[in-house]
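Colleague: Could you walk me through this model and tell me how each label was earned? I would like to see the reasoning behind the words.

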Amino acid sequence: MMGFARFFGRLVAIAAIATLGLGSTARAASDPSDIMSNWYKLILELVRHTPTYSPPVAARSFGYIGVTAYEATASGNPALASLAGQVNGLTQVPQREAGSVYDEGAVMEAALTASVQYFFSNTGPTGQRAKAAMAKQLGGQAAEGVDPATLDRSRAYGQALAAHIIAWSETDGGAKIGNMGFPYSYDAPKGPEKWVPTSLIVQQQMPLLPDWGKVRPFAMPDGAACDLPPPPEYSEDPASDFYKEAKEVYDTTKSLTDEQKLIARFWSDDPMLTWTPPGHWIYLALQLLDEDNAPAARRAEVLARLGMATADAFIGCWHTKYEYDLLRPVTYIRRVIDPKWETLLITPPFPEYPSGHSTQSGAAAEVMNAMFGKDRAFEDAAHEDEGMEARSFANFDAAAEEAALSRLYGGIHFRSAIERGLEQGRCIAGHVAKLRMGQ
Amino acid sequence: MTLRYALPLALLALAQPVLTQPALAQDPAVPAYADETASSGLTHSFTGEWTFMVGGGAAAFDCNGDLKPELYLSGGTSKGQLFRNDSPVGGALKFSPVDSGLELDQVGGAYPLDVDSDGNTDLVLLRVGPDKVMRGLGECRFEEATDWGFDGLDLWSTAFAATWEKGADWPTLAIGTYIDRTQEAFPWGTCTPNHLYRPKGKGWDAPLPLKPGFCALSILFTDWNLSGTPSLRMSNDREYYKKGQEQMWKINPGEPPALYTDKDGWARLRIWGMGIASADVTMDGYPDYFLTSMADNKLQVLAEVPEGGNPKPKFADVAFAKGAIAQRPYTGGDIRPSTAWHTEFQDVNNDGRFDIFVVKGNVWEMPDFAEKDPNNLLLQREDGTFMEAGDKAGVASFRQGRGGAVADFNLDGLMDIAVVNRNEPSELWRNTGGDAGHWLALMPVQPAPNQHAVGGWIEVKRADGAVIRRELTVGGGHAGGQLGWWHFGLGAATETEVRVLWPDGTEGPWQKVAADGFYRLARDAEPEAWQPK
């Protein structure tokens, strides 16, 4: 188990070791694994502190940065297949000069530095300073002991690779985020079953990212590739399935145990206050990769697959959300069951069906199963810094199911959205699983 | 701003109808403000980079006995500067920089109060580095009060509040702090403790840490539940805390401070808290709070007041319902979300209703937030909703605002406005009237200690019989505060009644006063009219 403090403590320790020029307990200064590990730890914090980083946007960046790390590794490792030609729209990446020597740490450092600089170009002043400090630290670390010609060649290659992937990312339809993801106008569908705003925040009178389902995915053909059947038919009849699902949410939230409240909060992973749900799974992957002392090739593959799977999960989920545009439990329950009902969690500002947490958790767990095994037990200390104790899980599916169900405890999703969301996520991850990489 | 985040013109066009506010029959009178920055002599800039991305407070107070508020403006990496108010009564605003002993650098905020009750206003300077308490010597001269036992610590101080606890002859100070500035590469989660300075003789005991600190950018002692004992409200910047939220401390005399928790009814709220204004906007007797933030701001009222009082510390946000969100620019074409800092409730058109002034400005080239971010002047309508009038009134500056002060600088009964901008010149506007109503300026005075009756209340009857109530506080805003006249608009009333609820709970008598005048309200005495010279 690696708690938050220890998680970030390792970063500081590595930085200190590099500064002092002592390498007795750390990997070599230019180990691309360390470069990845350190950049990703800062990325998780930047996700929290960059205003446009709602979960779909965060997942998208995890996808592109993961692919960047993977291609930086694969381009120097004949055992790894490039994703060019496999994922949607990625053309052949820049090639290394035949016969020339490259330093893998310097390639990775240059590629990730450029990538993080781009994808978090809009972070706040403190994030900018932190990026600069990390780039300086890791840049110095990567240069140690590398001859200047090799260093220049390696950095130039890493930067060219990052530029290629950045250019590719700009054509997916998700690169420009205005007004924190909320449209300035929106032609809302009408009907008793349709989503209506649930917030008193002005921006959130419009739903978040209504066109996100049209963003180009990484591995699945398009946002509709894993579409779902419709939710239960809207009805206010107490005998209807719809009413029963709402009543389940109402009754459950009226008698929540302390454990259920904790579960709801543990998995909430609110944007702007945490590293978001996809960041939570990235955190878990980093934790397990560290525990396994994973080499760079495996580390890059896990991060790339997980990033692409969660990114595609949000695209698929958002496609379905806006296809059905279902109202939230708080709207229905106050209308039909109890006008004074309060939710434990704040209802997110977009349609209900399916649950984004569920879809992306289903996808993430499927990737983790493939990469770490279906029976890998682990402790999740993602929110130790928020005062929440680590939770133990027998396997990734158990964690995904708890994450999904947490949304019912929170009073923000019906059961159909949760169960079908998990199914949708697994379907989406299946497309990522087909990619030929190194596994 | 990067091109990647530029807003398409089509979106701008779409947004315009959303921004337009239709004129209503009951719309309040819009005051007319004249920009007198250049002619006034107020030449100043608050400068700095990372450690001065916040701060920039202004302090308004009299230090030469003419009862006209001077201005001390914090300077960041530049030196703070005191400007003597030389404005003729009712005339153009005039300020002169004077050597005062307050010319310190690394100052982000300043709050006036008379610590030792000697009749000379003192000034607390919030700094990046050791804070200073500057003793007023009269005639606008100051020196560091090294004999008061004040330990200024060595932190990044950003917020201040003061009160006189029951029975104390020396004020209790609270200082809010921000990030551990030594952690510049990874500052998140490094909020340093805030501190409470309780009296010890004629000075202060060692500062008492208020843990956990969550990067407070504004704090205020306020008697939110009318218990007679103010609590310490803290608005915290969620950008930097872990486990954090807004906070409120019980500060009971003789007891250790204790946080309100969910067991008390405290409802968790996490915002980019930057400023606090307080007034009884809803006229239910309890103070209400305007909390500035990024994007949406909050207007908080008590969620429920049981019959007989004793409410729980749970607040409802009514900003959306009352049109007081001020979440993005209303003029200038930049419609990205706003960034709000200093705020005050004042009646700028003298109609007997509190209005809200908000200073706006991008933190530091944050591309997702408005670069051209005009200040807000939200005028309260008769029905309690608010109407934006910053552009019509002439105070919609697009500079990178931080601190400010809304005060009657030329003693004509109209509230003028000073704003401190980051890395750009400060600004000054004179309220030249418009269709303004009648007014009062009141100054409660009681025997030392606490002559200015901090912690008390002033009540003023409006023509319709409603009572305007104002809690007398030191703190809040963003990094700056005021000490001096308390301003009330009266609308059409040419005379009214006022009274003071003194800090010890004594209710003063209702006393008649004529409108459009200045009155010193001494305890156990008739109101004393004062004529500005």
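Modeller: Happy to; we will go through the two chains, with a value behind each label. Please keep in mind that this is a predicted model.

Colleague: Let's start with chain B. What is chain B built from, in helices and strands?

Modeller: Chain B has four helices and 38 strands.

Colleague: Why is chain B called as compact as a globular protein of its length?

Modeller: The globule rule gives 24 Å for 533 residues, and the radius of gyration of chain B is 21 Å, which is close to that value, so the description fits. Along the principal axes, the C-alpha atoms of chain B fill a box of roughly 65 × 55 × 55 Å. Buried residues make up 58% of the 533 residues in chain B. Among its contacts with a separation of 6 or more, 59% join residues 24 or more positions apart.

Colleague: Which residues have the most contacts inside the largest nonpolar core?

Modeller: They are B:L440 and B:L442, in a core of 148 residues. Strand β10 of chain B, residues 155–163, gives the largest share of this core, six residues. Another core, of 124 residues, lies apart from it and includes A:A72, A:L208, A:A264 and A:Y283. In soluble globular proteins, nonpolar side chains tend to be buried together.

Colleague: What does B:L442 touch, leaving out residues up to four places away in sequence?

Modeller: B:L442 touches B:I458, B:W485, B:W486, B:F488, B:V498, B:Y519 and B:L521. A contact here requires C-beta atoms within 7 Å.

Colleague: B:L67 and B:A453 caught my eye. What makes the phi of B:L67 worth a remark?

Modeller: B:L67 has a positive phi of about 60° although it is not a glycine. B:A453 also has a positive phi, near 60°, and is a residue other than glycine. B:L67 sits in the loop between β2 (58–61) and β3 (70–73) of chain B, while B:A453 is in the loop between β29 (438–445) and β30 (457–461) of chain B.

Colleague: How do you know whether B:L67 and B:A453 are buried or exposed?

Modeller: By counting C-beta atoms within 10 Å: 20 or more means buried, 12 or fewer exposed, and anything in between partly exposed. B:L67 has 17 such neighbours, so B:L67 counts as partly exposed. B:A453 has 23, so B:A453 is buried.

Colleague: Now chain A. Why is A:P217 called buried?

Modeller: A:P217 has 28 C-beta neighbours inside 10 Å, so A:P217 counts as buried. A:P217 lies in the loop between α6 (148–169) and α7 (241–254) of chain A. Leaving out residues up to four places away in sequence, A:P217 touches A:N88, A:D222, A:G223, A:D312 and A:I315. The C-alpha atoms of A:P217 and A:A311 are 7.3 Å apart, although 94 residues separate the two along the chain.

Colleague: How do you know that the buried residues of α8(A) are on the same side?

Modeller: The buried residues of α8 (residues 258–266) of chain A are A:I263, A:A264 and A:F266. They cover an arc of only 170° around the axis, so they lie on the same side of α8(A). What covers them includes β2 (391–393) and α13 (396–409) of chain A.

Colleague: Which peptide bonds did you mark as cis?

Modeller: One is from A:Y353 to A:P354, with omega near -5°. A:P354 lies in the loop between α11 (329–336) and α12 (356–372) of chain A. Another is from B:K211 to B:P212, with omega near 0°, and B:P212 is in the loop between β13 (208–210) and β14 (216–222) of chain B.

Colleague: Where are the domains of chain A, and how many residues are in contact between them?

Modeller: The domain assignment gives domain 1 (4–169) and domain 2 (182–433) of chain A, with 29 Å between their centres. In contact are 32 residues of domain 1 and 42 residues of domain 2. Helix α3(A) gives the most to the domain 1 side, 13 residues.

Colleague: Finally, how many residues are in contact between the two chains?

Modeller: 27 residues of chain A are in contact with 34 residues of chain B. On the chain A side, the largest share, five residues, comes from α5(A). By class, that side has eleven nonpolar, eleven polar and five charged residues.

How values were computed:
Residues numbered from 1 in each chain as written. Chains lettered and ligands numbered in written order. Predicted model: local features only at pLDDT ≥ 70, side-chain atom pairs only at ≥ 80, totals over all residues. Helix = DSSP H or I, 4+ residues; strand = E, 2+ residues; numbered from the N terminus. Rg over C-alpha atoms; globule rule 2.2 N^0.38 Å. Core = buried A, V, L, I, M, F, W, Y, C linked by C-beta atoms within 7 Å. Nonpolar A, V, L, I, M, F, W, Y, C, P; charged D, E, K, R; others polar. Domains from an automatic or database assignment. Arc of directions from axis to C-beta.
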